[in-house]
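Hi everyone, thanks for having me. I'd like to walk you through one structure today, strand by strand and helix by helix, so have a look at the screen.

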Amino acid sequence: MKVLVLEDSEERITWFRSKFPAADIIKTADEAIHLLGTAPYDVVFLDHDLAALHYEGYSPIADENSGRKVTRWLMTTDKQKSARFIVHSLNAPGAAAMVETLHLSGRRTEWIPFTVLTQLALTIT
């Protein structure tokens with residue numbers, strides 16, 4: 001199973017690496033877009049808040065460096081139509097916007113906040 005993780009927190013990256021040792025783990029929206037455009041994935045985990053700017057409130061600059069940039073790009077392509085998307089952000093409004101965009105693009109998507117994700121016995125298919 002090919003897994004992509006978009007996450008910038010080292011603590012969370014360590015957790016993802018323990019669950020998916022062969023996963024492609026990247027920290028920026030631009031890296032995610034590049035990889036999603038070049039290789040098929042079975043499961044894609046997306047975070048919303050990818051920069052310290054997010055913790056200071058909304059700004060257009062912060063939004064362009066978030067998981068939302070990836071979901072907006074996915075609206076413009078047929079790539080990754082068969083992948084399962086899991087938005088793991090704790091930012092409820094940001095996660096909801098990402099899930100809505102992914103659903104509108106016809107992708108199988110769910111929101112599982114990271115704190116819940118770590119409590120699940122993960123069987124990703």
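Let's start with strand β1. Its V3 and V5 point one way, L4 and L6 point the other way, and all of them are buried. Before I go on, keep in mind that this is a predicted model.

So who sits beside β1 in the sheet? On one side there's β3, paired with β1 in the parallel sense over four bridges. If you want to find that pairing on screen, look for L6, whose bridge partner in β3 is L46. Then there's β2, which is also parallel to β1, over three bridges. Here the residue to look for is L4, standing opposite D24 in β2.

Now zoom out a bit. What is the order of the strands in the whole sheet? It goes β2-β1-β3-β4-β5, an open sheet of five strands with parallel pairing. β2 (24–26) and β5 (108–111) are at the edges with a single partner strand each, so one side of each has no neighbour in the sheet. On average, neighbouring strands are turned by 15° against each other, if you ignore direction. And in case you're wondering what holds such strands together, strands of a sheet pair through backbone hydrogen bonds.

Over at the β5 end, β4 (residues 84–87) and β5 run parallel and are joined by four bridges. I86 is the one that stands opposite E110 in β5.

Okay, helices. β1, α1 and β2 together make a right-handed β-α-β unit, so let's take α1 next. Which residues of α1 are buried? They're R12, I13, W15 and F16. Those four cover an arc of only 160° around the axis, which puts them on the same side of the helix. Flip to the other side of α1 and you get E11, T14 and S18, which are exposed. As for what the buried ones pack against, that's β1, β2, β3 (43–46) and α6 (114–117).

Helix α4 (residues 67–74) has its own buried set: G67, V70, T71 and L74. Their arc is only 95° around the axis, so they lie on the same side of α4. If that spacing looks odd, remember that an α-helix has 3.6 residues a turn, so residues three or four places apart point the same way. Among the elements covering the buried residues of α4 are β1, α2 (29–38), β3, β4 and α5 (92–104).

One last detail, at the start of α4: a side-chain oxygen of S66 comes to within 3.1 Å of the backbone nitrogen of R68. That's my tour, thanks!

Definitions and conventions: Residues numbered from 1 in each chain as written. Predicted model: local features only at pLDDT ≥ 70, side-chain atom pairs only at ≥ 80, totals over all residues. Heavy atoms only, no water. Pairing = 2+ DSSP bridges. Helix = DSSP H or I, 4+ residues; strand = E, 2+ residues; numbered from the N terminus. Axes fitted to C-alpha atoms, helices over the stretch in contact; angles between N-to-C directions. Buried < 20%, exposed > 50% of the residue type's maximum accessible area, 1.4 Å probe, protein only. Arc of directions from axis to C-beta. Contact = heavy atoms within 4.5 Å. Right-handed = clockwise from strand over helix to strand, strands pointing away. Polar contact = N/O pair within 3.5 Å; in protein donor to acceptor, adjacent residues only side chain to side chain.
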